[in-house]
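Here are a few exercises to work through with the model open in your viewer. Try each task before you read its solution.

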Amino acid sequence: MMIRLAILPLILALNFSMCKRHESAANSQPVSSSPTSATTTAGGSPGPGVAGAAPSPKITKTVVDQTAQTIIFCYHRLVDKIRYPGTEITPAAFEAEMKQLKDAGITVISMQDLLAWKRGEKNIPPRCAVVTFDDGWKSQYEVAWPIMKKFGYPFTMFIYTEGVRGGSLGGGEAITWEQLADMRDNGVDIQAHSATHQDLREGHNIMLAVPGGKRTRTKLTGPPYEQWVQNEVVGSKQLLEQRLGIKVNCFAVPFGSYNEHVKEIARNSGYEAMFTVYGQPITFTSPLDSLGRYAIEANKPKVFVDAVKMIGTSSGGAAAVAEVGAANLSTQPADGETVRTALPLIKANLSGIGTIEPGSVQMRVSGLGVVPVSYDPKTGTASYQVTQKLRENACTVIVSAKSEGKKVEAHWTFGIDAAAAAAPAPASSVSATPKKR
């Protein structure tokens with residue numbers, strides 16, 4: 001009994017010590033920023049200074065200027081003495097052209113920035129240019145790169161893999177894998193330009209390597225052609241990615257000669273964009289599988305001059321457009337939803353994108369054109385009850401408005417059940433077709 005009485009105080013002291021330790025550990029835990037962890041007052045409302053008391057943040061979206069335009073230049077070899085004016089230019093002429101871009105106020109951007117803009121993820125200057133080099137000549141490493149560094153310009157290298165030093169077509173003037181790795185490590189964008197730089201269309205003459213190091217001219221069709229073109233388009237991409245540890249998402253088509261089948265192969269292999277040598281200003285809606293570049297050649301100096309003039313005068317003066325995802329607008333019907341009526345109520349909540357100018361709200365419905373949309377400033381809801389039966393199985397809605405001086409636009413597509421689309425509309429619901437514009 002005496003022993004038990006002696007031990008009891010020790011047990012109580014130990015329990016007290018452990019409780020204090022747990023309390024100390026709990027107090028040292030970081031406070032979660034989740035609204036569910038917010039402390040509340042006796043009335044159930046969040047206490048002062050608690051994360052849950054903060055107002056909901058506004059939905060923001062990068063303003064993408066859809067009126068911006070860019071031009072893409074394509075260069076090859078830089079040499080002091082011109083022997084092949086169709087693919088060569090002197091270093092002095094090249095540097096002068098880079099300076100002209102700067103003097104003209106044309107910003108040189110990276111290829112990946114251009115693609116991010118095309119995806120609606122990033123804005124670009126209203127007048128800008130992308131500089132690319134084709135094939136993989138060592139003068140691009142030794143001569144062009146220092147000039148680009150001087151101006152602080154990013155650029156892209158389009159490489160055909162058999163033309164790299166050590167490849168079947170890589171002679172003494174070819175760039176090396178080590179030089180490409182050096183450029184990669186310093187931020188140069190490296191992309192694909194096929195394996196052997198030939199016409200990729202089926203049935204066209206190509207050169208094939210044969211045993212003994214010789215090459216023979218032939219035409220490939222059927223399975224042999226498919227195997228060859230897969231290596232040209234897909235194999236070159238894989239080799240660049242493996243040798244350099246990079247992601248290749250652009251393909252410059254040799255000579256700009258390709259067809260839908262080549263495009264399909266490129267798309268299926270993961271290319272995001274394809275490029276030709278048929279120069280034209282690139283706009284927000286330019287197809288990604290045929291982006292034209294201005295090929296700069298010593299015997300055609302006017303090409304560069306005309307390209308600069310084009311971008312200098314073709315940039316529109318319209319307001320920038322902020323693309324807003326339909327999911328941020330709680331649209332009805334939702335994007336991708338299929339409804340069972342050809343006379344749906346269409347709604348979008350604009351309250352999360354800023355102060356809307358009520359008179360600026362506009363709605364377009366595919367098959368109907370501009371419709372008489374209603375806008376409630378109190379709730380920020382734009383709505384339209386369709387009265388003219390939608391006859392297609394899919395309907396696209398475009399809602400636009402002005403918010404804080406900028407144009408805001410969202411579009412989404414919903415499906416219409418085939419049976420609903422085919423069913424006759426109730427006589428009471430039919431009214432005059434809205435004016436198309």
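**Exercise 1: the enclosed helix**

What covers the buried residues of helix 3 includes strand 1 (69-75), strand 5 (127-135), strand 6 (156-159), strand 7 (189-192), strand 10 (250-252) and strand 11 (273-276). Before going on, note that this is a predicted model, where local features need pLDDT of at least 70, side-chain atom pairs count only at pLDDT 80 or more, and totals for chains, interfaces and linings use all residues. Residues are numbered from 1 along each chain as its sequence is written, and side-chain values use heavy atoms, with hydrogens and water left out.

Task: work out which residues of helix 3 are buried.

Step 1. Fix the terms. Helices (H or I, at least four residues) and strands (E, at least two) are DSSP runs, numbered from the N terminus. Buried means under 20% relative accessible area, exposed over 50%, and partly exposed in between, with a 1.4 Å probe and protein chains only.

Step 2. Go through the helix: Met111, Leu114, Leu115, Ala116, Trp117 and Lys118 are buried.

Step 3. Draw the conclusion. Six of the eight residues of helix 3 (residues 111-118) are buried, so the rest of the structure largely encloses it.

Step 4. Look just past the helix: Gly120 follows, with a positive phi near 80°.

**Exercise 2: two helix pairs**

Task: find how helix 5 packs against helix 6, then do the job again for helix 2 and helix 4.

Step 1. Axes are lines fitted to C-alpha atoms, for helices over the stretch in contact, and angles run from 0 to 180 degrees between N-to-C directions. Under 35 degrees counts as roughly parallel, over 145 as roughly antiparallel, 65 to 115 as roughly perpendicular, and the rest as oblique.

Step 2. Helix 5 (residues 177-185) and helix 6 (residues 222-244) have axes 10 Å apart, at an angle of about 75°. That puts helix 5 roughly perpendicular to helix 6.

Step 3. List the contacts (heavy atoms within 4.5 Å): Trp177, Leu180, Ala181 and Arg184 of helix 5 meet Leu239, Leu240, Arg243 and Leu244 of helix 6.

Step 4. For the second pair, the axes of helix 2 (residues 91-103) and helix 4 (residues 138-151) come within 10 Å and cross at roughly 25°. Helix 2 is therefore roughly parallel to helix 4.

Step 5. On the helix 2 side the contact residues are Pro91, Phe94, Glu95, Met98, Lys99 and Lys102, and they meet Val143, Ala144, Ile147, Met148, Lys150 and Phe151 in helix 4.

**Exercise 3: a loop residue**

Task: is Ile296 buried or exposed, and what is Ile296 in contact with?

Step 1. Place Ile296 in the loop between strand 13 (294-295) and helix 8 (302-314).

Step 2. Check accessibility: Ile296 has a relative accessible area of 3%, so it is buried.

Step 3. Skip neighbours within four places in sequence, and Ile296 is in contact with Phe73, Cys74, Tyr75, Ile89, Glu97, Val303 and Phe304.

Step 4. Try a C-alpha to C-alpha distance: Ile296 and Phe94 are 9.3 Å apart in space, yet 202 residues apart in sequence.

**Exercise 4: backbone oddities**

Task: where do His197 and Ser330 lie, and are they buried or exposed?

Step 1. Recall the background: most residues other than glycine have a negative phi, and most peptide bonds are trans.

Step 2. His197 has a positive phi of about 60°. His197 sits in the loop between strand 7 and strand 8 (205-209) and, at 18% relative accessible area, is buried.

Step 3. Ser330 has a positive phi near 50°. Ser330 lies in the loop between strand 14 and strand 15 and is exposed at 58%.

Step 4. Finish with the peptide bond from Gln332 to Pro333, which is cis with omega near -10°.
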